[in-house]
Amino acid sequence: MVTADVTKIIGQVADEQLQTIANKILNRQRISFDDGVALFEKGTLPFLGALANWVREGKHGNKTYFNRNFHIEPTNVCVFSCKFCSYSKLYAHKEEGWELTIDDMLNIVKKYDGQPVTEVHIVGGVHPKMNLNFFMELLRAIKAHRPELHLKGFTPVELDYMFRKAKVSVEEGMKLVHEAGLDSLPGGGAEIFHPEVRSQICDDKVDAEGWLHIHKAAHNLGMHSNATMLYGHIEKYWHRIDHMDRLRTMQDETGGFNTFIPLKFRNKDNDMSNIPESSIIEDMKMYAVARLYMDNFPHIKAYWPMLGRQNAQLTLSFGVNDIDGTIDDSTKIYAMAGSEEQTPSMSTAQLVTLIKQVKRQPVERDTLYNEIRDYTDIDVKEIEVNPLLN
Ligand code: V47
Ligand code: SF4
């Protein structure tokens with residue numbers, strides 16, 4: 001969208017505060033905490049969409065990134081009891097859950113031998129018997145089998161528990177897992193940082209300071225990471241801005257975050273099932289404000305298994321430039337929380353089609369956003385029959 005078109009849309013907005021915020025954005029100035037809250041409270045969808053899309057296209061043009069990845073969930077047994085979690089089994093009921101051995105997980109990796117996946121995403125519950133040594137052995141085993149595979153794994157919730165049990169500092173622990181083969185950190189476990197909300201939804205796991213400390217230690221080792229925010233439950237708009245503000249501040253310092261991923265709260269089968277899910281309009285506003293507030297985050301990602309495929313397509317007009325990957329997974333975390341995606345997996349042809357349908361340019365990336373292939377001029381039929389492309 002060209003600046004003149006955005007200016008026209010903004011010109012139709014009567015509110016003076018919104019006009020001032022829009023002018024800041026068009027002049028590439030940072031918006032403040034209060035500006036962020038005002039965008040949520042007063043911004044209409046066309047206004048937020050036009051601005052977020054202008055920022056998105058200024059950074060990435062029409063490009064929409066995806067990667068070819070798969071997930072491993074070592075266990076769903078967890079010592080914690082987050083109220084929004086539909087997936088974990090408390091350790092006391094561990095016979096109802098699953099626990100994979102290192103061989104089981106290596107066998108999952110081996111299933112992809114010869115296939116052009118670039119990343120494995122490893123996240124699960126916090127099982128008291130799966131300790132630092134266990135996970136270091138897992139990382140070494142995967143790297144020995146397929147050294148070029150990027151290992152993105154473990155949230156600060158898992159790492160904090162592992163490090164404390166092993167009696168190592170965050171800095172020592174991060175060095176150990178990095179040396180064992182961990183390449184980057186996913187964004188999970190962040191939820192809502194502010195203690196007013198965190199104490200009500202996930203009181204017993206790592207707090208905001210602990211989460212940020214672990215990501216900072218990773219960045220200091222030269223690793224990259226993502227950050228998430230679980231939105232659309234009991235939090236107020238200012239809690240969302242507070243969350244994004246803490247991340248924006250740390251990003252100014254380290255520059256180590258790649259992607260911000262707002263995660264829509266799904267309400268099936270958890271202790272927060274009485275809370276209605278956010279509307280699609282609220283979802284699109286969330287993505288747009290994220291793009292406008294997180295000015296130092298290169299990428300905003302919509303995680304399609306959580307949102308559904310069509311809503312993920314819509315986000316591409318509201319500031320999003322990444323829709324994660326093929327995922328190929330028996331991931332239960334979202335299916336169990338009420339997502340329409342029961343066994344999330346999309347072929348490359350399906351992902352490319354999804355992106356092309358909304359007139360964007362599909363580009364396969366690796367975890368660190370190095371471009372692997374631009375699919376703009378590759379016919380979907382060709383992708384379907386070529387195992388290297390699909
Ligand atoms: O931290 C749990 C969320 C997260 C529910 O970094 C729920 O590339 C909605 O962080 N409704 C883990 N969300 C997943 C995660 C992630 C996913 C994909 C990509 C990346 C990345 C990271 O899942 C948890 C929590 O916020 N979650 N329960 C629920 N009922
Ligand atoms: Fe455990 Fe993670 Fe579920 Fe919380 S969200 S109970 S830490 S698996």
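The legends below accompany close-up views of a predicted model.

**View 1. The surroundings of ligand 1 in the predicted model.**
Around ligand 1 there are 24 residues, of which Lys152, Gly187, Gly189, Glu191 and Lys301 come nearest. Two of these residues also make side-chain polar contacts with the ligand: a polar side-chain atom of Lys152 lies 2.7 Å from an oxygen atom of ligand 1, and an N or O atom in the side chain of Glu191 is 2.4 Å from an oxygen atom of ligand 1. Arg266 takes part through its backbone, with an N or O atom placed 2.9 Å from a nitrogen atom of ligand 1.

**View 2. Thr228 and the glycine residues that it touches.**
Thr228 is found in strand β8, which covers residues 224-231. Its relative accessible area is 5%, under the 20% limit, and therefore Thr228 counts as buried. The side chain of Thr228 reaches the backbone oxygen of Gly187 at 2.7 Å, and Gly187 is also among the residues that come nearest to ligand 1. When residues up to four places away in sequence are not counted, Thr228 touches Gly187, Gly188, Gly189, Ala190 and Glu191, together with His243, Phe260, Ile261 and Leu263.

**View 3. The shell of residues around ligand 2.**
Ligand 2 is surrounded by Cys78, Phe80, Cys82, Phe84, Cys85, Tyr87, Ser88, Gly125, Val157 and Lys205. Sorted by class, this shell holds 7 nonpolar, 2 polar and 1 charged residues. Gly125, one of the residues around ligand 2, appears again in the next view, where Gly125 belongs to the lining of the second largest cavity.

**View 4. The second largest cavity and its lining.**
The model has 4 cavities of 30 Å³ or more, and the second largest cavity has a volume of about 60 Å³. Its lining is made up of Gly125, Val126, His127, Met130, Phe135, Glu158, Tyr161 and Met162. Helix α7, residues 156-166, provides the largest share of this lining, with 3 residues. By class, the lining of the second largest cavity divides into 5 nonpolar, 2 polar and 1 charged residues.

**View 5. Phe163 in helix α7 and its contacts.**
Phe163 is found in helix α7, the helix that gives the largest share of the lining of the second largest cavity. With a relative accessibility of 2%, Phe163 counts as buried. Leaving aside neighbours within four places in sequence, Phe163 is in contact with Leu132, Val168, Ser169, Val170, Gly173, Met174 and Val177. For one of these pairs the separation can be stated in two ways, since Phe163 and Met174 are 11 residues apart in sequence and 8.6 Å apart in space, C-alpha to C-alpha.

**View 6. Helix α16 and the elements against which its buried residues pack.**
Helix α16 spans residues 348-357, and within this helix Thr348, Ala349, Leu351, Val352, Leu354 and Ile355 are buried. These buried residues pack against the strands β1 (63-67), β11 (322-325) and β12 (361-365), and also against the helices α13 (304-307), α14 (309-315) and α17 (380-385).

**View 7. Lys359 and Tyr369, two residues with positive phi.**
Most residues other than glycine have a negative phi. Lys359, which follows α16, is a residue other than glycine whose phi is positive, near 60°. Lys359 is found in the loop between α16 and β12, and with a relative accessible area of 66% Lys359 is exposed. Tyr369 likewise has a positive phi, near 70°, and is found in the loop between β12 and β13 (371-374). At 11% relative accessibility, however, Tyr369 counts as buried.

**View 8. The largest pocket and the helices that line it.**
About 240 Å³ of space lies in the largest pocket. The pocket is lined by Lys24, Ile25, Arg28, Gln29, Arg30, Trp54, Val55, Gly58, Lys59, Arg291, Leu292 and Asp295. Three helices, α2 (16-26), α4 (45-60) and α12 (280-293), each supply at least two residues of this lining, and α4 gives the most, with 4 residues. By class, the lining of the largest pocket divides into 4 nonpolar, 2 polar and 6 charged residues.

Key: Residues are numbered from 1 along each chain as its sequence is written. Chains are lettered from A and ligands numbered from 1 in the order in which they are written. This is a predicted model: local features need pLDDT of at least 70, side-chain atom pairs count only at pLDDT 80 or more; totals for chains, interfaces and linings use all residues. Side-chain values use heavy atoms; hydrogens and water are left out. A residue is near a molecule or strand if one of its heavy atoms lies within 4 Å of it. Ala, Val, Leu, Ile, Met, Phe, Trp, Tyr, Cys and Pro count as nonpolar, Asp, Glu, Lys and Arg as charged, and the others, Gly among them, as polar. Buried means under 20% relative accessible area, exposed over 50%, partly exposed in between (1.4 Å probe, protein chains only). Contact means heavy atoms within 4.5 Å. On a 1 Å grid over the protein atoms alone, a cavity is a set of points where a 1.4 Å probe fits but cannot get out, and a pocket is an open set with protein on both sides within 12 Å along at least five of seven lines; lining residues have an atom within 4 Å of a point. Grid points are joined across faces, edges and corners, and a volume is the space filled by probe spheres set on the points. A polar contact is a pair of N or O atoms within 3.5 Å; within protein, one must be able to donate a hydrogen and the other to accept it, and residues adjacent in sequence count only if both atoms are side-chain atoms.
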